[in-house]
Amino acid sequence: LLDSSIYVEFLGITVTEGKQELLRGTLDMLVLKVVALGPSHGYAIAQRLQQISEEFFQVHQGSLYPALHRLEDYGWLQSEWQESDTGREVKFYALTKKRPQTIRRGSSQLGTYDRRCRSNSADGRVGV
Amino acid sequence: MSWLSRFLHKSRSESVLDKELHFHLERQIADYLAAGMSAEEARRRARLEFGGLERVKEEVRDTRWETHLDNLFRDLRYAFRCLRKDRRFALIAIFALALGIGSTSTVFSVIYNGLLRPFPYKGASRLATFYIHDMQDATLQEVGRGDRGGFTSAEFLVLREQSQAFEDMIGLMSDEMFYTNDQGTLPLRVALVTPNTFQFLGVNPLLGRSIIPADANPAAPSVFAMNYKLWQKHFNGDAKIVGTSFVIGGVPRTLVAIMPPRFQIGVGGCDNCREGSDIWIPSNPRPSDSGIINAAEPMHLWALLVRLRPGISPQAASSDSYIVAQRLARVFPALYPPKFTMVTQPYVDLVVGNFRAMLYALAAAVAMLLLITCTNVANLLLARATTRDKEMAIRASIGASRSRLVRQVLMESFVLALAGAIAGCVFAYWGLKGFLLVLPNGTLPEESAISLNTAVLLFALSITSITALLCGLVSALHSPRADLLSRLAGSGKGVGGDIQGGNLRAGLLIGEVALSIVLLMGAGLMLRTLFALNHVNMGFDPSHVLVTELSSPNGRQWTVDQKRLLFDRVLGRVKALPGVIAATATASLPPYGGPGSDVEVAGRTGSARWSTQTDLCSDGFFRTVGIQLLRGRLLSEGDMASARQVVVVDDTLARSLFSGVDPVGRKIKFKVLDLIPDAPHNAYFEIIGVVKSIKNRGLRDSAMPQAYLPYTIFGTPGGNVLVRTSGDPLSMIKVVHETIRSVDRGVSLTDTSTLETYLRQYDYAAPEFGLVTLGSFAGIGLLIVTVGIFGVMAYTVSLRVHEIGIRMALGAQQNSILKMILAKGVRMVAVGIIIGLFASYGLTRFLASQIWGVSTTDPWTFAAVAMLAVFAGLAACLLPARRATRVDPLVALRYE
């Protein structure tokens, strides 16, 4: 029923389903790492990811939010509405006590991914 | 639970998400403003970088599974709304599906409960019986030789001891005993069972205690278990009778158990019925009565029931028991044919036998019916899908994914199928009642409880899902295929865009027609079979004949004199009754013949083997049955009185034994008599007359040679009385019974009925059942197909209104328009018919065991079915075609 390959607008790379899983996992990992530094809201996380790599969201920053909500659904992140530095009600994300078992696996996945990205960035394209 | 609260407070979670995303955007804009961009530019870039707000929201929603639940409900609601809007379509589809699912469930219930899981006994699927099969002569049996399913006590004990293939074995022996109390006597069908029977079958009694092996000890008090049916019928289900004593067969016996309703183990009465006994009495096989088989009392043999060891096939069991039987044959050479095998038969086959093929044919028929239904509904859905093309295109263009659209279409067919299943279960409930009404007696095990049980409902549910998929898939795959642009741009009724759908619809229609042809062929062949059976020349007139069976009250043998005295007086009084034309005693029931025997002609030697069927009858036989005398004379009263050794033969025997030479005066010997203790041994019977042949092996088989002997030549425990009446024989039952009882109060009368009833039961019931069931399935199929053709043609016409308008504007006559539309419809139907006829040609052979007197490829049936289908197809096309001719060109073209 479904097309055999799915087009993912993430990092601007066309990936098949299997690779899409990998990329999704990678984004989840990075988000968790950023949140691990301290509770922060979506915009801040996006900014931080952007700092890591100028071109992280090569297409849309909006794609961060499905990841945040997914992680919250898994129970790895918790959220709370707090006042931000500008005095507005903002949704802050923080790590929960529940540590994902897949982090280890994810790290190794990340390793291969890092290497691939680095070789890509050598061509001057993407880097994390 | 957070998902639950999100699900219940959807609007709140939506606004929270909105707030979160907007905060992101606003912060971004603020940052860009701070960086010195213009307000316009900042907003533009922030939005560009963020991506589509609605799409992000949709993706966020997709991460939560309550969204899927929500979508499901939404699709469900939408499907309901759509179907409600198109009520006529929905009703037709649901009705068709209900018929399909209902009939499939009905037949499944019969097969599952009657064939696959009929017995409530332990390890029921491994229960089997076996019999000795004579390899030399399978058609004719002498008593004690030939095929034999009864075993002596000695054989039972040896087989039980030495066979390795069975877990255990029980023996059953049928008997008739009389229960005597103050009010009178009640004949009981008794099964003497080996004491391990109740443990073997593993069924606990409904009331009382189970019978254990110790109950059969000679010293133990005599006990018995009672059938639920007898308990209900004669004791009104009174629980207090358990533990009381009954005088049965002259012996006081204690009732210790009442068995549950489905415990119906018993020994067969006739060929294709196996009734549960009224009571069961434990009895040990006595090795002492290992002697010869008494031909007059062949019942004193054990019918065996074994449970095969797990993993042992019936074939393996056969060869295992054959080894034991070979040893037995050396000990009792008189009991075994020279060349024989042991045949193991699954217990259910003993009852169902030949009827299994009929049930499987029905299963195939309902499967086809279901397929027709699915195709039909799929076609209707497809037509709808085409009109909804634009709607689907719009949905796709505003972001619905393909899987989402497919799901939505499938949901619609699922709702249809579910409604169909609910209505179908109601149909199945009534269908099952009707089914059991036409089901011939004794074709399914008495133990089987045929109802809409869990298994059947689960089955109905699963075929419902399959149905939903089959119906929905075609249109689901069809709709999201074509490219959006052309579908949005098209008028929705374009001719070009519909070609693909049109071909698909035509293909489905052709398939439907073909399937219904196969069903009609099945029904047609059953009709021909019944017709052929009804027109068999039996050689006599079976109407107006009453049959009753007399047996001696204690099951004991009558002596020749007792028997003659009784029948003489009974026949004399019955003949004198007003309304009675003639009466006779017989041993057998025409046209079902009697015991076979080898014959020898006096003064003729040689190795040729001649055999004949024999019947013992009184002088009134030929007049009662209506058999014409050809030569010589008939049996007379004097022949009866003095038991003269004379015989009347039929012309088949005269032809085969004496090759047309007048046999009157010749003498022949019946070898079977030598095996019967009180019959004249080594006696030659003089042929005194030749009569016309009648059917004597049932309606289907050709007649065997037949000999009629005086019934007074030896004693028996019973015999039939046939009475030819001038009026309705059933109205005579009471008076005939009273007359017989007036001769002897103690005589027991059983199986009183008309000859026609017997014929119906043995010969007409099965094809009638086939005709009624296959006929109704074929009728339903044809109806659905006709509606289908009508629907598709009407739809085609509605699509082509525009085209027809142009044609008419250009001068086409109404006639040519009518022809054009009809030709299209008839072409489709014709292709379907041709495919269907070819398919029938290949498939009807599976019905071969159920049909008779007509070839499975009978050209007349083929032609009749094809004609019927053509008429149905034409009728279905005519209405839409006539509507096409009434198209007003002005109206049709106005919408351009």
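Leaving out residues up to four places away in sequence, Arg724(B) of this predicted model touches Asp541(B), Ser543(B), His544(B), Val545(B), Gly579(B), Val580(B), Ile581(B), Ala582(B), Arg623(B), Thr624(B) and Val625(B), where contact means heavy atoms within 4.5 Å. Arg724(B) is placed in strand S21 (residues 718–725) of chain B; helices (H or I, at least four residues) and strands (E, at least two) are DSSP runs, numbered from the N terminus. With a relative accessibility of 11%, Arg724(B) counts as buried, a class that means under 20% relative accessible area, with exposed meaning over 50% and partly exposed in between (1.4 Å probe, protein chains only). A polar atom of the Arg724(B) side chain lies 3.2 Å from the backbone oxygen of Ser543(B), and the side chain also reaches the backbone oxygen of Val625(B) at 3.4 Å.

This is a predicted model in which local features need pLDDT of at least 70 and side-chain atom pairs count only at pLDDT 80 or more, whereas totals for chains, interfaces and linings use all residues. Residues are numbered from 1 along each chain as its sequence is written, chains are lettered from A and ligands numbered from 1 in the order in which they are written, and side-chain values use heavy atoms, with hydrogens and water left out.

His544(B), one of the contacts of Arg724(B), has a positive phi although it is not a glycine, and Ala643(B) likewise has a positive phi without being a glycine. Most residues other than glycine have a negative phi, and most peptide bonds are trans.

| Residue | Phi | Loop in chain B | Relative accessible area |
|---|---|---|---|
| His544(B) | about 60 degrees | between helix H17 (499–534) and strand S12 (545–551) | 33%, partly exposed |
| Ala643(B) | about 50 degrees | between helix H20 (637–641) and strand S17 (646–650) | 24%, partly exposed |

Pro590(B) and Pro591(B) are joined by a cis peptide bond with omega of about 5 degrees, and Pro591(B) is found in the loop between strand S13 (580–586) and strand S14 (596–601) of chain B.

Helix H21 (residues 651–658) of chain B is mostly covered, as six of its eight residues are buried, namely Asp651(B), Thr652(B), Leu653(B), Ala654(B), Leu657(B) and Phe658(B). Ser659(B), just after H21(B), takes a positive phi of about 40 degrees.

The largest nonpolar core has 111 residues, of which Phe263(B), Ile265(B), Trp280(B), Leu305(B) and Ile789(B) touch the most other members; such a core is a set of buried Ala, Val, Leu, Ile, Met, Phe, Trp, Tyr and Cys residues joined through side-chain atoms within 4.5 Å. Helix H12 (residues 355–387) of chain B gives the most to this core, with 15 residues. Apart from it lies another core, of 71 residues, including Leu566(B), Ala679(B), Leu759(B) and Tyr764(B).

Between the chains, 26 residues of chain A are in contact with 27 residues of chain B. Chain A and chain B bury about 2,300 Å² between them, 56% of it on carbon and sulfur atoms, buried area being the accessible area (1.4 Å probe) that two parts lose on being put together, summed over both. The count of salt bridges between the two chains is one, and in it Glu20(B) pairs with Lys91(A), the closest N and O atoms being 3.6 Å apart; the term requires a side-chain nitrogen of Lys or Arg within 4 Å of a carboxyl oxygen of Asp or Glu.

Definitions and conventions. Polar contact = N/O pair within 3.5 Å; in protein donor to acceptor, adjacent residues only side chain to side chain.
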